[in-house]
Amino acid sequence: MKERIAVIEGLRSPIAKAYGQLKDLEADTLGAIIAKELVLRIGIDYKEYDEVIIGNVAQPPHAANIARVLAIRAGFPNTTPAYTVHRNCASGMESISNACAKINSGEGSLYLVGGVESMSNIPILYGKNLRNLILKLSQQKSIKGKLNTLLGFKPSFLKPIIGLISGLTDPISGQIMGLTAETLANEFKISRAQQDEYALNSHLKAQKATEDGILRNEIHPVITDHTQIYDDDGIRFNQTIQALSKLRPIFDRNAGSVTAGNSSQVSDAAAMLAVCSESHAKKLGVKPLGFIKDFSYVGLDAQRMGLGPVYATKKLFNKTKTTLDEIDLIEINEAFAVQVIANIQAFDSKIFAKNHLDGKTIGEINQNILNVNGGGVALGHPVGMSGTRVVLHTLKELQRKGLQKGLATLCVGGGQGAAFLLEAQ
């Protein structure tokens with residue numbers, strides 16, 4: 001990029017288990033709460049923002065172009081344009097990179113970006129048979145005609161389109177995401193015990209970060225007439241390996257190893273950032289939280305989508321001439337425990353580098369700097385929001401620990417990967 005992009009500040013909601021404490025808040029309402037609070041905290045007038053860009057996967061039918069809806073609800077004037085982006089699990093990152101590109105091209109100076117997902121309210125869609133029946137019914141003028149039309153109804157018409165309910169089925173590979181995780185378990189020979197151990201550590205780290213107040217530094221409580229939630233509620237406090245080991249595989253029930261316990265949870269949450277060029281931040285007189293140095297996206301085999309971070313990081317490091325030993329903190333979004341373990345192996349595998357990269361390994365990940373406060377397995381994975389969260393958390397943690405460089409990366413359903421190189425003030 002021509003110039004580093006300053007992240008002035010960021011904020012997120014607590015991450016709530018789907019169908020739980022935030023189930024009554026649609027995505028546009030939840031996103032508006034966090035966007036409004038962030039703008040007010042920063043103190044720069046709404047009119048100074050050139051545009052609002054928001055990532056979202058399951059866009060609510062009542063709020064087409066959810067970015068525009070939540071921007072107006074958050075207090076932005078009608079004159080502020082807004083649009084929604086969708087790159088599956090990287091949607092929250094896509095909003096950031098869109099703003100980076102616009103800033104570097106001179107199209108604007110200051111943007112509100114972010115990601116939001118209410119997996120509790122993912123629309124349930126039905127097939128053409130029910131749609132055609134309803135359409136034909138609406139065209140009938142007489143009671144007799146309506147009754148005759150209704151006689152054509154079959155219970156099978158109520159079979160929902162499952163992939164759209166879960167948001168987790170990939171039309172390219174035809175697999176639910178959990179089966180792509182099973183593919184990596186087999187390819188990299190990762191045992192159930194390894195996965196459960198990783199999941200346990202994710203919960204224990206997230207529990208400690210919550211108890212120590214670390215995560216509160218990035219969370220704005222959501223308080224409405226229906227709920228009051230102050231912290232992430234998916235963390236299983238005092239989790240044990242015994243409890244995890246009792247769970248049965250849910251994607252491959254006969255020979256699988258991926259369980260609900262070593263997978264990320266479906267969740268509801270929103271996260272927002274305010275971004276501008278480094279020079280514009282100086283003009284505004286603000287001290288940024290940190291900077292986006294550069295980013296990369298890649299495509300790969302959809303059945304091995306979990307390996308997106310290794311491909312994206314390789315491309316990013318080649319692009320920026322960065323080496324792994326320069327990185328002080330790493331956040332790999334935990335879609336599945338096995339997916340992170342596979343990336344750890346692939347980063348340092350000479351065979352993988354020879355067959356899939358440029359022949360050179362990225363290097364061995366120091367696991368003491370990886371997902372230091374837990375990740376998606378413990379916190380949850382609200383798909384449109386997670387990309388923003390890992391960027392925000394990496395910058396917050398760099399600032400808290402007085403470190404310099406961070407890597408935030410994730411895998412993307414459909415066979416993609418994304419990686420951001422971040423720097424402290």
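The questions and answers below concern a predicted model and the reasons for the terms applied to its parts.

Q: Why are helices H11 and H12 called oblique to each other?
A: The axes of H11 (residues 308-320) and H12 (residues 337-347) come within 8 Å and cross at roughly 40°. Angles under 35 degrees count as roughly parallel and those from 65 to 115 as roughly perpendicular, so H11 and H12 are oblique to each other.

Q: What makes the contact between H11 and H12, and how many of its residues are charged?
A: On the H11 side the contact is made by Pro309, Val310 and Thr313, and on the H12 side by Gln339, Asn343, Ala346 and Phe347. By class this gives four nonpolar, three polar and no charged residues.

Q: Why is H8 called roughly perpendicular to H12?
A: H8 and H12 pack at an angle of about 100°, with their axes 9 Å apart. Because angles of 65 to 115 degrees count as roughly perpendicular, that term applies to H8 and H12. Their contact is made by Gln194, Gln195, Tyr198 and Ala199 of H8 together with Ala337, Val338, Val340 and Ile341 of H12, and these residues divide into six nonpolar, two polar and no charged.

Q: What makes the pair of arginine 87 and glutamate 94 a salt bridge?
A: The closest N and O atoms of arginine 87 and glutamate 94 are 2.7 Å apart, and a salt bridge requires such atoms to be within 4 Å, so the pair qualifies. Arginine 87 has a relative accessible area of 21% and is partly exposed, whereas glutamate 94, at 14%, counts as buried, the cut-off for buried being under 20%.

Q: How do you know that the salt bridge of glutamate 187 with arginine 304 links distant parts of the chain?
A: Glutamate 187 is in helix H7 (residues 177-187) and arginine 304 is in the loop between strand E9 (290-299) and H11, 117 residues apart. The closest N and O atoms of this salt bridge are 2.9 Å apart. Glutamate 187 is partly exposed at 33% relative accessible area, while arginine 304, at 12%, is buried.

Q: Why does the pair of lysine 405 and glutamate 326 tie together parts that are apart in sequence?
A: The closest N and O atoms of lysine 405 and glutamate 326 are 3.1 Å apart, and the two form a salt bridge. Lysine 405 lies in strand E11 (residues 405-412) and glutamate 326 in the loop between H11 and strand E10 (329-332), so the salt bridge ties together parts that are 79 residues apart in sequence. Lysine 405 counts as buried at 18% relative accessibility, and glutamate 326 is partly exposed at 30%.

Q: How many salt bridges does the structure hold, and which residues are joined into one network by shared partners?
A: The structure holds 20 salt bridges. Arg4, Glu278 and Glu423 are joined into one network by salt bridges that share partners.

Q: Why is cysteine 89 not counted as forming a disulfide with cysteine 411?
A: The sulfur atoms of cysteine 89 and cysteine 411 are 6.0 Å apart, too far for a bond, given that a disulfide needs two cysteine sulfur atoms within 2.5 Å. A search of the whole structure finds zero disulfides. Cysteine 89 is buried, with a relative accessible area of 11%, and cysteine 411 is buried at 2%.

Q: What makes histidine 220 count as buried, and where is its place?
A: The relative accessibility of histidine 220 is 16%, and because buried means under 20%, histidine 220 counts as buried. Its place is in the loop between helix H8 (192-211) and strand E6 (222-223). Leaving aside neighbours within four places in sequence, histidine 220 is in contact with residues including Leu11, Arg12, Ile33 and Glu37.

Q: Why is asparagine 65 called partly exposed but asparagine 238 exposed?
A: Asparagine 65 has a relative accessible area of 27% and asparagine 238 one of 59%; because exposed means over 50% and buried under 20%, asparagine 65 is partly exposed and asparagine 238 is exposed. Asparagine 65 lies in the loop between strand E3 (51-55) and helix H2 (66-74), and asparagine 238 in the loop between strand E7 (228-229) and helix H9 (241-245).

Q: What is phi of asparagine 65 near, and about what value does phi of asparagine 238 have?
A: Phi of asparagine 65 is near 50°, a positive value in a residue other than glycine, and asparagine 238 has a positive phi of about 60° although it is not a glycine. Most residues other than glycine have a negative phi.

Notes
Residues numbered from 1 in each chain as written. Predicted model: local features only at pLDDT ≥ 70, side-chain atom pairs only at ≥ 80, totals over all residues. Heavy atoms only, no water. Axes fitted to C-alpha atoms, helices over the stretch in contact; angles between N-to-C directions. Helix = DSSP H or I, 4+ residues; strand = E, 2+ residues; numbered from the N terminus. Parallel < 35°, antiparallel > 145°, perpendicular 65-115°, else oblique. Contact = heavy atoms within 4.5 Å. Nonpolar A, V, L, I, M, F, W, Y, C, P; charged D, E, K, R; others polar. Salt bridge = Lys/Arg side-chain N within 4 Å of Asp/Glu carboxyl O. Buried < 20%, exposed > 50% of the residue type's maximum accessible area, 1.4 Å probe, protein only.
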